[in-house]
Amino acid sequence: MAINIQDSNCLPLQEKIVHSNKMARAIELIILSFLISMLVYRVILFKDQNNSFPWLLALVCESWFTFTWILSMCIKWNQCSFQTYPDRLLKRVNEIDFPAVDIFVTTADPILEPSIITMNTVLSLLAVDYPLDKLALYLSDDGCSPLTFYSIVETTKFAKLWVPFCKKYNIQLRAPFRYFTSTSTPLENDSLEFQHEWKKMKNEYGNLYKKIELAAQRPFTCDCNSDFAVFRDVDRSNHPAIIKVISETKDLPHVIYISREKNPKHHHHYKAGAMNALTRVSGVMTNAPLMLNVDCDMYANNPQVFLHAMCMVFDYKNDQECGFFQFPQAFYDGLKDDPFGNQLANYYYIINGLAALQGIFYMGSNCFHRRKVIYGLSPNDKTKSGNIRNEDLHKVFGKSFELRESAAQILSGSNTNIENRTNPSSLIEAAIDVAGCSYEYGTHWGKKVGWLYGSSAEDILTGLGIHGRGWKSIITSPDPLAFLGCAPSTYQSSLTQQKRWAIGLLEILFTDKNPFLLTIKGNLWFRQALAYCWICLWGVRSIPEICYASLPAYCIITGSRFLPKGNEQAFIIPVGIFVIYNVYILWESKRLGVSLRMWWNLQRMGRVTALTTWLFAILNMMLKLMGLSKSIFEVTQKEYKSNDGDDVGDNDDKNVGRFTYDKSLVIMPGVVILLVNITALVNGVLRLLKVEYNKIWMEVLTLGLGEMFCSMWLLLCFWEFLKGLFRNGKYGIPSSTIWKSGILALFFVHLCRRSSQPF
Ligand SMILES: O=c1ccn([C@@H]2O[C@H](COP(=O)(O)OP(=O)(O)O[C@H]3O[C@H](CO)[C@@H](O)[C@H](O)[C@H]3O)[C@@H](O)[C@H]2O)c(=O)[nH]1
Ligand SMILES: [Mn+2]
């Protein structure tokens with residue numbers, strides 16, 4: 001795809017900017033030296049302990065913490081980012097030379113993912129600044145819902161007005177639900193013509209919104225003689241493939257609706273399966289060399305996003321080196337101060353660190369892939385060209401003749417034929433064939449080509465597969481941000497998401513794409529493997545975390561010790577770690593413009609998540625390994641926030657961001673830790689009350705200053721759960737969970753007592 005540079009002006013289209021990182025490195029090294037001193041101290045004093053159990057456990061946990069600290073240091077050591085220059089691109093490259101892009105939008109459920117959100121995603125993408133005849137938009141509907149189909153048909157009609165309007169007036173925000181807010185009006189000094197069209201457009205969008213709303217409210221009647229007939233009595237988990245070309249005119253990108261075949265006998269592999277069906281169908285119909293995938297809860301926020309992507313694509317070096325081009329996942333209307341810790345702000349330095357290695361992880365949405373990379377090519381495989389044996393193609397891509405033809409074209413790097421592009425509808429039969437649920441049997445789909453199966457974090461796994469072949473990746477963050485999406489806005493949906501990620505990430509370690517295997521056998525860089533290891537081990541971290549979190553309570557109850565005494569010199573080590581670490585993270589957050597409150601939320605949710613969803617994930621993984629459980633992809637609830645203030649549901653402002661609970665057992669370990677620590681603190685305080693006033697300081701020291709402090713710190717981290725114990729309704733932790741946790745907590749206390757009694 002690299003083309004000759006026509007311009008003498010050789011300014012780069014894309015630039016790597018290296019950020020100085022000396023200060024952060026120095027602080028991280030200081031923390032590391034403290035961590036190591038702590039380990040050394042433990043080893044030296046091991047023999048002097050009366051009760052060596054907590055000492056040993058602490059040593060093991062701290063070794064683990066030191067290990068993850070080293071991992072994260074390795075990732076963050078070099079910091080850089082990429083800048084792209086679309087205006088230089090427009091001067092240098094002719095629009096005719098832009099490559100075609102197939103756009104994939106996935107949706108799975110019109111209730112969890114309200115159609116109007118998905119339709120705004122679609123509209124924002126149809127209206128991007130890019131030659132219309134080079135784009136095709138495929139909407140994959142895993143819900144097989146006539147409502148989604150109806151919505152996309154109506155939306156396409158509206159798009160015929162919306163797209164020219166956006167382009168004519170160079171509108172910056174092309175997702176109508178964000179553009180037409182209740183407060184937005186055209187400016188007085190805008191032309192009369194604009195004001196007029198603006199009103200008309202707002203009206204039209206209002207109509208579209210109403211139509212979709214109305215259709216969502218009542219059961220769909222699928223008239224026998226209409227386009228909807230195929231949806232009659234359809235069962236979303238058992239139905240033939242439905243593919244409809246909704247628009248194939250010149251004044252709009254092609255719009256194609258796909259609901260791949262489903263059958264309970266065949267595993268459909270959730271989103272990864274949907275992406276593979278999209279890849280095949282688009283391969284048959286339009287076969288663009290680039291593919292962009294966007295989740296239905298994201299929208300293009302910067303109309304020039306494709307041009308930014310092309311800056312990366314056209315960079316000559318990238319053609320040989322770069323497998324995918326990612327844009328960040330940022331969120332609109334995110335809850336203030338991120339109470340559930342799910343807006344990913346704290347990964348900024350990790351992302352910039354990865355940029356200095358092989359590149360960012362694939363994050364599942366907002367990413368441009370080269371089709372040849374998804375088809376399994378490696379950077380040095382240039383010569384797969386020419387005669388690829390037909391049997392080989394059959395083995396890899398399956399039986400479809402049309403797909404094999406199109407794949408051969410991509411693999412040989414020849415320019416995609418144009419005939420396909422003009423009327424995809426002539427290829428519907430071939431497309432239906434490759435969207436079948438048994439198509440992949442005996443092929444490489446999901447194993448070596450396409451999105452990889454075997455993890456519910458299919459994005460990280462697929463990206464790992466690509467990096468493992470030696471490709472690099474790039475992330476760039478234009479201003480305004482390329483894409484915006486909605487972060488889960490309730491604690492329940494945030495739990496669903498974190499649970500799925502933690503399980504999915506662990507699953508990766510059990511596939512043949514294990515990062516270490518790929519370093520040894522494949523082309524994954526060693527430090528990149530460390531980065532994958534760091535993220536995939538999220539779930540495993542919960543074990544040392546829960547052990548460490550039980551230590552303070554154990555020590556207070558049994559009168560033993562896991563930290564140096566307050567009057568010992570070595571007390572400075574844990575205090576040092578605690579203070580420097582927290583100040584450091586605070587400083588990092590400040591540089592990102594994160595509020596103090598958000599910093600605290602992120603810190604406490606770090607503990608809460610580790611002791612709830614991550615622990616749950618590892619238990620789940622064990623069950624899975626024993627064959628007792630299967631992992632599923634639970635779709636998160638997306639909330640439509642209308643800008644007119646009439647929010648749906650009972651999300652009145654003051655309750656937004658409050659913790660809600662259901663009967664699920666995920667939060668139980670957190671509740672147990674909370675109860676155990678309360679018991680320990682009460683125990684400690686009672687003991688203090690018994691001693692004489694002038695001896696109280698001595699008693700505090702014997703109780704363990706460090707241990708008491710840790711226990712209180714944990715109480716602060718789990719403060720929301722503490723409140724949940726006393727609240728009712730959905731804001732309260734269900735009594736069944738409290739009972740079960742109470743029993744476990746009592747059991748723990750009992751065990752502590754037993755273990756401290758001489759046998
Ligand atoms: O069977 C399924 C399940 C999900 N989806 C789609 O997958 C996308 C992501 O689902 P969502 O519930 O929004 O998950 P998130 O946790 O928000 O997604 C993050 O994590 C996923 C992996 O766990 C990635 O696939 C996503 O791209 C990434 O944004 C949505 O468009 C869904 O419609 C399907 O198409 N089919
Ligand atoms: Mn999502």
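Q: In this predicted model, in which sense do strand 9 and strand 12 pair, parallel or antiparallel, and over how many bridges?
A: Strand 12 covers residues 472–475. One facing pair across the two strands is Phe 324 and Ser 473. Strand 9 and strand 12 run in the parallel sense, and the number of bridges is 4.

Q: Which residue of strand 11 stands opposite Phe 324?
A: Strand 11, residues 367–370, is joined to strand 9 by 3 bridges, and these two strands run antiparallel. The residue of strand 11 that stands opposite Phe 324 is His 369.

Q: Why is strand 9 described as largely enclosed by the rest of the structure?
A: Strand 9 spans residues 322–326. A residue counts as buried if 20 or more other C-beta atoms lie within 10 Å of its own. Strand 9 is largely enclosed because the number of its 5 residues that are buried is 5.

Q: Which helix supplies the largest share of the shell around ligand 1?
A: The shell draws at least two residues from each of strand 3 (101–107), helix 8 (270–285), helix 17 (458–468) and helix 18 (491–509). The largest share is 4 residues, and the helix that gives it is helix 18.

Q: How many residues of the shell around ligand 1 are polar?
A: There are 25 residues around ligand 1, and those that come nearest are Thr 106, Ala 108, Tyr 270, Asp 295 and Gly 364. By class, the shell has 8 nonpolar and 8 charged residues, and its polar residues number 9.

Q: Which helix gives the most residues to the largest nonpolar core?
A: This core has 192 residues, and those with the most contacts inside it are Ile 103, Leu 137, Tyr 138, Ile 258, Val 281 and Leu 505. The helix that gives the most, with 13 residues, spans 596–625 and is helix 23.

Q: From which domains does the largest nonpolar core draw at least three residues each?
A: Leu 505 is among the residues with the most contacts inside this core. Not counting residues up to four places away in sequence, Leu 505 touches Ala 457, Ile 460, Ile 535, Cys 536, Trp 538 and Gly 539. The core draws at least three residues from each of domain 1 and domain 2.

Q: How many residues of domain 1 are in contact with domain 2?
A: Domain 1 is assigned to 87–489, and domain 2 to 526–631 + 658–756. Their centres, taken over C-alpha atoms, are separated by 42 Å. Contact with 17 residues of domain 2 is made by a number of domain 1 residues equal to 17.

Q: Is the peptide bond from Asp 479 to Pro 480 cis or trans?
A: Most peptide bonds are trans. Pro 480 lies in the loop between strand 12 and strand 13 (483–485). For the bond from Asp 479 to Pro 480, omega is near -5°, and the bond is cis.

Q: Does Cys 144 count as buried or exposed?
A: Cys 144 is found in the loop between strand 4 (135–141) and helix 5 (146–168). Its phi is near 40°, a positive value in a residue other than glycine. Because Cys 144 has 23 C-beta neighbours inside 10 Å, it counts as buried.

Q: What is the phi of Asp 337 near?
A: Asp 337 lies in the loop between strand 10 (330–331) and helix 11 (348–355). With 17 C-beta neighbours inside 10 Å, Asp 337 counts as partly exposed. Phi of Asp 337 is positive, and its value is near 60°.

How values were computed: Residues are numbered from 1 along each chain as its sequence is written. Chains are lettered from A and ligands numbered from 1 in the order in which they are written. This is a predicted model: local features need pLDDT of at least 70, side-chain atom pairs count only at pLDDT 80 or more; totals for chains, interfaces and linings use all residues. A residue is near a molecule or strand if its C-beta atom, placed from the backbone, lies within 6 Å of it. Ala, Val, Leu, Ile, Met, Phe, Trp, Tyr, Cys and Pro count as nonpolar, Asp, Glu, Lys and Arg as charged, and the others, Gly among them, as polar. A residue is buried if 20 or more other C-beta atoms lie within 10 Å of its own, exposed if 12 or fewer, and partly exposed in between; C-beta atoms are placed from the backbone. Two strands pair if DSSP finds at least two bridges between them. A nonpolar core is a set of buried Ala, Val, Leu, Ile, Met, Phe, Trp, Tyr and Cys residues joined through C-beta atoms within 7 Å. Domain bounds come from an automatic or database domain assignment. Two residues are in contact if their C-beta atoms, placed from the backbone, lie within 7 Å.
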